[in-house]
Amino acid sequence: MADLQTLQKAQELINQCMKCGNCQAVCPLYAETMHEGAVARGKIRLAVDVLEGKLQPSHAVLDKFALCLTCKACEANCPCGVHCVDIILAARAQLAEKVGLPLIKQSIFRGLKLRRLFNFGLKLGANFQGVALKKRGEGLKGRTLRLPVMGMDMRRVIPDLATTHSRDMYDEFNPAHSGKGKVRAAFFTGCVNNLIYNDTCKAIVEVLRANDVDVIIPKAQHCCGAPVFINGDRNIGRDMARHNLDVFTAADEKYSFDYIFTACGTCVCSFAEHYPHLLQDEPKYKAMAEKLAKKTIDVNPLVIKMGGLQKPLGRVDHVVTYHDSCHLARSMKVTAEPREIIKAIPGIRFVEMKDAARCCGGAGSFSLTHYDLSKQITAKKAENIRSTGATLATTGCPGCRMTIEDGLAQSNVKIDTVHPVALLYASYKNSGVIKG
């Protein structure tokens, strides 16, 4: 990918599009709307009109470019190899610079930048979530709003906020269980796994420690910034990127780690792809970003690389299917490793779902700003999961997990969701590799 900050810099990519329409066949939004403006070809046409002055920058035009999941299905199906999402992100950045983002997004992004306030607010929210959110009912996971909240749909099922954040569960340095760590790996937890799915983080940390990995969890890390810069606010996005680069560079100098790993497709893309391009005009931070990008890896391949499937594995009885996160599958090319982990566990019967790599409809803030459209896409994913006969759905992305849980709930499908490494953690516990 490239950090194309203006449409002028994206001109070469725009010229590569031969307007064949192959993107229509795979675009989840086009399938729901049958509208040319929803598909990559239509947006590239809009980009040309903006470049030629036929369309003046406005919030209405920005809204057109906001109607995209950035799932990269169009890129994967493009015979010309056009980086369609790069063009769309360049348009968002240029238009946001010209006309500004909507007030609600500006407010959210400014608040997100304030790390201490953000974390304090979420901890406070977790302890008092019962005031604003009501339980769905006995045996049902998640909550719904008690009263209307701007930007949130009353029908949406929201997972419980963790009262103990993942990063608070561990010290900064967590030695391998053997006391003889052979590798050191720094964990970028991201937001959703830190604030909601602390079960995922615990499973991952303990599995790696059981495989002679010293796990480092820098306390001052923050959101990767992807929700901000993907929506067009490059300035705050760069601020957040610099912060994380400072934090992990300092941790590298202190501990000399071999890897940075994440359990989120979007976060791993931020370190591996976005940061070096976001900061390409700042030599100091570009060098830091490029150094850390070379160490960045998703946790699924890391676990396999560390010999995680060579341990004695206990039985876990489930029928399991797997959803491919768009960024993890298409940007990082991580598709085989999660399935390898799942299939290796005794007792599991793996069933591939239809269209496993089709977007779940979440796409970060897209599911907040376009909930009805997102819900239509998610309903198809829920049906594909149900059709497998699975008793458990897995995915390597916490954002997808959250969206899928909502989709399953809306479809009245009672199937739990976990990260693949959480299954390996259960297997380790059943075999005695991990005690307690």
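Contact here means heavy atoms within 4.5 Å. The model is predicted: local features need pLDDT of at least 70, side-chain atom pairs count only at pLDDT 80 or more, and totals for chains, interfaces and linings use all residues. Residues are numbered from 1 along each chain as its sequence is written, and side-chain values use heavy atoms, with hydrogens and water left out.

**Exercise 1. Determine where Asp 49 lies and which residues it is in contact with, leaving aside neighbours within four places in sequence.**

Step 1. Asp 49 belongs to helix α3, residues 40–51. Helices (H or I, at least four residues) and strands (E, at least two) are DSSP runs, numbered from the N terminus.

Step 2. With those sequence neighbours left aside, Asp 49 is in contact with Lys 54 and Leu 55.

Step 3. Asp 49 has 17% relative accessibility and therefore counts as buried. Buried means under 20% relative accessible area, exposed over 50%, and partly exposed in between (1.4 Å probe, protein chains only).

**Exercise 2. Describe the surroundings of strand β10 (residues 392–395).**

Step 1. In a regular strand the side chains alternate between the two faces of the sheet. In β10, Leu 392 and Thr 394 point one way, Ala 393 and Thr 395 point the other way, and all are buried.

Step 2. Two strands pair if DSSP finds at least two bridges between them. Strand β8 (residues 318–323) pairs with β10 in the parallel sense over 4 bridges, and Thr 321 stands opposite Ala 393.

Step 3. Strand β11 (residues 416–418) runs parallel to β10 and is joined to it by 3 bridges. Here Ala 393 stands opposite Thr 417.

Step 4. Together with helix α21 (residues 398–410), β10 and β11 make a right-handed β-α-β unit. A crossover is right-handed if, with the strands pointing away from the viewer, the path from the first strand over the helix to the second runs clockwise.

**Exercise 3. Locate the largest nonpolar core and explain why it lies between two domains.**

Step 1. A nonpolar core is a set of buried Ala, Val, Leu, Ile, Met, Phe, Trp, Tyr and Cys residues joined through side-chain atoms within 4.5 Å. The largest has 51 residues, of which Leu 7, Ile 14, Leu 29, Phe 65, Leu 69 and Ile 87 touch the most other members.

Step 2. Helix α6 (residues 84–99) gives the most to this core, with 7 residues.

Step 3. Because domain 1 (7–99) and domain 2 (310–431) both give residues to this core, it lies between them. The domain bounds come from an automatic or database domain assignment.

Step 4. Apart from this core lies another, of 43 residues, including Met 306, Leu 309, Ala 422 and Tyr 428.

**Exercise 4. State how many disulfides the structure holds, and explain why Cys 264 and Cys 359 do not form a bond with the closest cysteine.**

Step 1. A disulfide is a pair of cysteine sulfur atoms within 2.5 Å. The structure holds 0 disulfides.

Step 2. The closest cysteine sulfur to that of Cys 264 is in Cys 267, at 3.7 Å, which is too far for a bond. Cys 264 is buried, with a relative accessible area of 10%.

Step 3. For Cys 359 the closest cysteine sulfur is in Cys 326, at 3.9 Å, again too far for a bond. Cys 359 counts as buried at 5% relative accessibility.
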